[in-house]
Amino acid sequence: MAVDRGMSMSKYAERFKLAFSDITPTIEIEADQIEVRDDLKGCEGRANTDGNGLASADFFEKIAIRLGCPGRRISAIQMRLGPAKGMLVCSYELQSKIVLFSEQVKYGKRSYYQGCEICQRTIEVCSSGIVFADHDHRRMQRLNSQVILVLQAIGCPAQVFLDLEARFRDEIASIMLSTAHLVHSDFLPSADVADGHAFSDLCFQIHAMHAAGMDHTTDNYLFLCVRKYIHTQIRSAREDGHLPCPDSYVVTMVSDFMQRLEPGSMSVWLKGRGFLLGRHLATQIPCAHPGDIVLLNAVDDFSKRSPGFAYENLAVMSAHESLPCSPAHRMSGGDYDGDKAFIIGFPEIVNNVHVQERGPSTGDPDPLCGEYRCVKLEHVITESRAQNEAVHHNVEEALKKACVQMVDDAGTMAKINIMWTARADRDISLKGNFSWETKEFLVGHQELALDAAKTGWRITPQMFQALQQRVYAPSPHWFRSGQGPARDDPVRSKSALGQLYDLETPEDWTDEA
């Protein structure tokens, strides 16, 4: 495996996970068909094209054939191409060519592809990173507990979420009129999706019985299946603090390579929906800081003049030269290498919040209660030679140490998330907004833990215990059994999540419906 010697051992170890990712080798590209360009940059020198590039439409047609879907239009793919990775967006102006931007290339010079092995010029496509132009975005997305708490912290009243719950109940009542209503709603996954491993056999049975002409209003067994599915889904959503939200979408982000979109705007065209228009909120999951939510104006500029690249089922973000950083970077420090935007257009939410600006991150963040343990590969090699020791043995030992640390720290993020949720809920219950400890101190630790595998950051058990004592808050009563420390005595929450949890059980009102 080719690597950059300046890479930290923790990031080197993280690379081995790529060997177990679900990728499909597709087409081989000639060296003279690959061009590496400088990134489009903003007014402060940060890349506005961080993580994505372009590939010609003829290449995408060949890739579709290799993926087993000939003739189907693909807007973008998440891929690896030797030392480069990220998204490739279909270009209608290039011919038999790939354009990579410098931030996509993780090691090697621009001439790397001229002398590399053939396998380093084969496009490997991530199976979960294919964006089809004809995919229908009909399923309503759900607000999770983190997003609900952050939205409350920036001004969205609890009543908005209670109204969403009432609206959801009305929709459930309407789709229960017949099995046909249920099957064609976005509450039940489609037959193709239900046939996959992500959903229980119950969904597939409902589709199969409906296809056989059965209806739950006349068949008792199908009625019991439908009833069980609805109860399970609603109970699970309530326990997880999830709430279905109209006009919400999860869409892969890419750059506006032509730099036509104005600052503060985006273009989102969705199959079955068309162009989104007007004010929308955009963020990434996880979202824990109020500044991670960005207000953008959705426009239909591309309907009047084609940008020259695919935009269907993509969130095209402004790459205007006057921007200090990309819109993706303002969402939890994201980029365009496959990151998805959670977009909310529901007016009752959008019109009630007051978005808070958060400055772009610069350099390595303060380790706070933790520390960086990131010996670089170059250092291991140099030290080995200086001590006249076997380089390969010391590199192997350093990799083992990094892997053990990754395993030991695997649960840190989840533990910090639980602390953040308890603290954030208490803040909302007591004063309606977040304290400094919640939105800066704990969020800082969340972000450090999220990137720990790449940066080598870790927190010792002693320091983690000190962190718990500093930010401790009792678990709110809506926490599921088993969440939070066992010694916690749950307190009654006044947040929207607490009020939603206190509503009558799903079994009561669904049976009545």
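A search through the whole structure, which is a predicted model, turns up zero disulfides. So what keeps cysteine 203 out of such a bond? It comes down to distance: the closest cysteine sulfur belongs to cysteine 225, and at 11 Å from the sulfur of cysteine 203 it is too far for a bond. For a pair to count as a disulfide, the two sulfur atoms have to lie within 2.5 Å. Looked at from the other end, cysteine 225 is in no disulfide either, with the sulfur of cysteine 203 being its nearest cysteine sulfur, 11 Å away.

Are these two cysteines buried or exposed? Cysteine 203 has a relative accessibility of 1%, so it counts as buried. Cysteine 225 has a relative accessible area of 6% and is buried as well. The cut-off behind both calls is a relative accessible area under 20%.

Now for a pair of helices. Helix H13 runs over residues 377–386 and helix H14 over residues 391–408. The two pack at an angle of about 140°, and their axes are 9 Å apart. That angle is why H13 is described as oblique to H14; the label roughly antiparallel is kept for angles over 145 degrees. As for handedness, H13 and H14 make a right-handed crossing.

Which residues do the meeting? On the H13 side they are Leu377, Val380, Ile381, Ser384 and Arg385, and on the H14 side Val391, Asn394, Val395 and Ala398. Sorted by class, this contact of H13 with H14 has six nonpolar residues, two polar ones and one charged one.

Notes. Residues numbered from 1 in each chain as written. Predicted model: local features only at pLDDT ≥ 70, side-chain atom pairs only at ≥ 80, totals over all residues. Heavy atoms only, no water. Axes fitted to C-alpha atoms, helices over the stretch in contact; angles between N-to-C directions. Helix = DSSP H or I, 4+ residues; strand = E, 2+ residues; numbered from the N terminus. Parallel < 35°, antiparallel > 145°, perpendicular 65-115°, else oblique. Left-handed = near helix turned anticlockwise from the far one by under 90°. Contact = heavy atoms within 4.5 Å. Nonpolar A, V, L, I, M, F, W, Y, C, P; charged D, E, K, R; others polar. Buried < 20%, exposed > 50% of the residue type's maximum accessible area, 1.4 Å probe, protein only.
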